[in-house]
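Me: Please take a close look at a single part of this model, one helix, and tell me how it is built and what surrounds it. I would like one connected account rather than a list.

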Amino acid sequence: MPDSSRPKRPRVIVTRQLMPHVEARMAELFDVALSAHDHAFTKDELKAAVADCDVLVPTVTDTIDAEVIGAAGDRLKLIANFGAGVDHIDLAAARAKGIMVSNTPGVFTEDTADMTMALILSVPRRLAEGEKLMRSGKWAGWAPSAMLGHRVGGKLLGIIGMGRIGLAVARRARAFGLSIHYHNRRRLPEAIEEELGASYHASVDTLLRISDVVTIHCPHTAETHEMVNAARIGAMKPTAYLINTARGEIVDEKALIAALQTGRIAGAGLDVYTHEPAVDPALLALQNVVLLPHLGSATIEGREASGEKVIANIRAWCDGHRPPDQVLEGWA
């Protein structure tokens, strides 16, 4: 039976600025406090927010840990996250306090896959270096041996995590002539493997050793934290490239930097970092890495769709139903 005790016009606090039409729709439906200055909330601001709302709408920039959740009163019943990843939310603490958590899965799949493919192409072909050379005014013209990179077609792509985004990347990569290999907690159905010409590896170590390009698409959990560590990076081919558009914490960033500095691997393409928004100065100094400012989901279409999902989750909760994108126990 739906819970009819929930408020029809709940107090909703949004931590960051969302797309204008999403904010306008929230203002119509809810008693909403929107973010006027669009800065990441401090811990004290988060504590004050959870004590003063029925629904909190955070983003990846907000760390909703046990301390923050402990500051919530009985009023807070839903954390309606803007985004698919919920590694910044202490799900166990929320569950213990009877607070539902929802997210917005699927809306950024194509956008993130596009950005991943852009990095897969740009790193071996040295696009960032070439662009910097042009802007420097030092380009001396075409030469047979100038700015040589590596072709992508015919290379072996190792995908770590074959969920929505991993599959979308595999479909794009196959069109560019890459051979698809993957590691996942569960093997894909045979029909999908046949469609993609994909080969499964039960061991991530085996996948890393044979891949020419490695791309990461698993969630950040306790199990995947620094999963790509110094030993695993050291086992990669010296000609290999590492791409990460998932979460920075999945890779041991210091070990990656050391491998890039010494030429232990050929290069990397990164859209995420361990201590965002801070980026290790050593990464900024490297020429064999393409660095992007967390652009994987940065499309108007994706951000609008994510906001619409947030609204749908809140409305379902208000109507006494389970939010359609409720994050259940065992997420990830």
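Reply: The expected span of a helix is taken here as 1.5 Å times one less than its number of residues, and this is the yardstick for helix H13 in what is a predicted model. Helix H13 runs over residues 300-318, and its 19 residues reach 27 Å from the first C-alpha to the last, close to the 27 Å expected at 1.5 Å a residue. The helix is followed by Gly320, a residue whose phi is positive, near 90 degrees.

Turning to burial, where a residue counts as buried if its relative accessible area is under 20%, the buried residues of H13 are Gly302, Ser306, Gly307, Val310, Ile311, Asn313, Ile314, Ala316, Trp317 and Cys318. These buried residues pack against both strands and helices: the strands are E1 (11-14), E3 (55-57), E4 (78-80) and E5 (100-102), and the helices are H1 (20-29) and H5 (109-122).

The domain assignment puts this packing in context, since it divides the chain into domain 1, made of 11-103 together with 299-319, and domain 2, which covers 108-291. The contact between the two draws eight residues from domain 1 and four residues from domain 2. Taken over C-alpha atoms, the centres of domain 1 and domain 2 are separated by 32 Å.

As for the extent of that interface, its size is often given as the accessible area lost when the parts come together. By this reckoning domain 1 and domain 2 bury about 510 Å² between them, with 53% of that area on carbon and sulfur atoms. Gly302, which was listed above among the buried residues of H13, returns here, for together with Asp87 and Thr299 it supplies 62% of the area that domain 1 buries against domain 2, more than any other three residues.

Asp87 also has a polar side to its role, in that its side chain meets the side chain of Arg247 in a salt bridge, at 3.2 Å from N to O. Across the interface of domain 1 and domain 2 the rule finds one salt bridge, and it also finds three residue pairs in polar contact, with both residues of each pair at pLDDT 80 or more.

Note on methods: Residues are numbered from 1 along each chain as its sequence is written. This is a predicted model: local features need pLDDT of at least 70, side-chain atom pairs count only at pLDDT 80 or more; totals for chains, interfaces and linings use all residues. Side-chain values use heavy atoms; hydrogens and water are left out. Helices (H or I, at least four residues) and strands (E, at least two) are DSSP runs, numbered from the N terminus. Buried means under 20% relative accessible area, exposed over 50%, partly exposed in between (1.4 Å probe, protein chains only). Contact means heavy atoms within 4.5 Å. Domain bounds come from an automatic or database domain assignment. Buried area is the accessible area (1.4 Å probe) that two parts lose on being put together, summed over both. A salt bridge is a side-chain nitrogen of Lys or Arg within 4 Å of a carboxyl oxygen of Asp or Glu. A polar contact is a pair of N or O atoms within 3.5 Å; within protein, one must be able to donate a hydrogen and the other to accept it, and residues adjacent in sequence count only if both atoms are side-chain atoms.
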